[in-house]
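Colleague: I have the model open and would like to go through how its strands and helices fit together. Could you take my questions in turn?

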Amino acid sequence: MLTIENLEAGYGDVKVLFGVSLEIQAGEIVALIGANGAGKTTTIKTLSGLLRARSGRIIYDGQDITHWQSHKIVAAGLIQVAEGRKLFPRLSVLENLELGSFLRKLRANRAKNLKHVYSLFPRLAERKNQIAGTLSGGEQQMLAIGRALMSEPKLLMLDEPSLGLAPMLVQDIFNVVQGINDDGTTILIVEQNAVQTLRMAQRGYVMEHGKITLSGTGDELLHDDRIRTAYLGL
């Protein structure tokens, strides 16, 4: 579904990604792990079109999207849930969700998709008229994921979905992510919580200093001594 070939990107004069290559097959959960500053979020932003690739190629669903604009990428079903949620804090829960189905082709399915999101996150249904900025951290993450689902993603990219959440809520979020994948959505997840992420993922990539340094199945990486020492604290 997604192939990245020798991708390079950065900010101004600072290069962050150095020849990144990876693949995601349809139906998979693929993890991208690494320390802070490794280039994980930069990778996600480049895939979303928020940051322009300096070289390399991004092939998504059989099309070269390397130079596509963000709105066209979203319309093709490649959807990002940004680190820090990036909600519209002064709008209600319902209004934030409706904005996820802003594209004309999505509006006909808005009611059906809203019902689906509420089934995954009953708390959002209870708080549909509440201002998003007044929600708890866990509820805001639910809303961010719910808004992305309103866009009918084929490939959902999650950037640090458990960041800042209490342990009980972290497990709830991971359960939902697994459920979304079980329903047929392909997922790329960037996470500091490497243990739970690798347990859930079919495959994973390790990023260091803007390069992919290791890859394998989730189980292989989980039991790799280098990963256990560097990222799992074991």
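Modeller: One term before we start: two strands count as paired if DSSP finds at least two bridges between them. Keep in mind that this is a predicted model.

Colleague: How many bridges join β3 to β9, and how do the two strands run?

Modeller: β3 covers residues 29-33 and β9 covers residues 203-208. Within this pair A31 stands opposite G204, and L32 has Y205 as its bridge partner. The two strands run parallel, and the number of bridges joining them is four.

Colleague: Which residue of β8 stands opposite I29?

Modeller: β3 is also joined to β8, residues 186-190, by four bridges, and this pair runs parallel. In β8, the residue opposite I29 is I187.

Colleague: Are the two faces of β3 covered or uncovered?

Modeller: In a regular strand, side chains alternate between the two faces of the sheet. In β3, I29, A31 and I33 are on one side and V30 and L32 on the other. Buried here means under 20% relative accessible area, and five of the five residues of β3 meet that description. Both faces are therefore covered.

Colleague: Which strands stand at the edges of the sheet?

Modeller: The sheet is open, has six strands with mixed pairing, and its order is β6-β7-β8-β3-β9-β10. A strand with a single partner has one side left without a neighbour in the sheet, so the edge strands are β6 (78-81) and β10 (211-217).

Colleague: By how many degrees are neighbouring strands of this sheet turned against each other on average?

Modeller: The angle is taken with direction ignored. On average it is 15 degrees.

Colleague: Which helix lies across β3, β7 and β8?

Modeller: Helix α7 (residues 137-149) packs on the sheet, but it touches β6 and β7, with its direction at about 170 degrees to that of β6. The helix across β3, β7 and β8 spans residues 167-182 and runs at about 150 degrees to β8. That helix is α8.

Colleague: Why are the buried residues of α5 on the same side of the helix?

Modeller: In α5 (residues 110-120) the buried residues are N113, L114, V117 and Y118. They are on the same side of α5 because the arc they cover around the axis is only 140 degrees.

Colleague: What do the buried residues of α5 pack against?

Modeller: On the other side of α5, A111, K112, K115 and S119 are exposed. The buried residues pack against α3 (93-99), α6 (122-126) and α7.

Conventions: Residues numbered from 1 in each chain as written. Predicted model: local features only at pLDDT ≥ 70, side-chain atom pairs only at ≥ 80, totals over all residues. Heavy atoms only, no water. Buried < 20%, exposed > 50% of the residue type's maximum accessible area, 1.4 Å probe, protein only. Axes fitted to C-alpha atoms, helices over the stretch in contact; angles between N-to-C directions. Contact = heavy atoms within 4.5 Å. Arc of directions from axis to C-beta.
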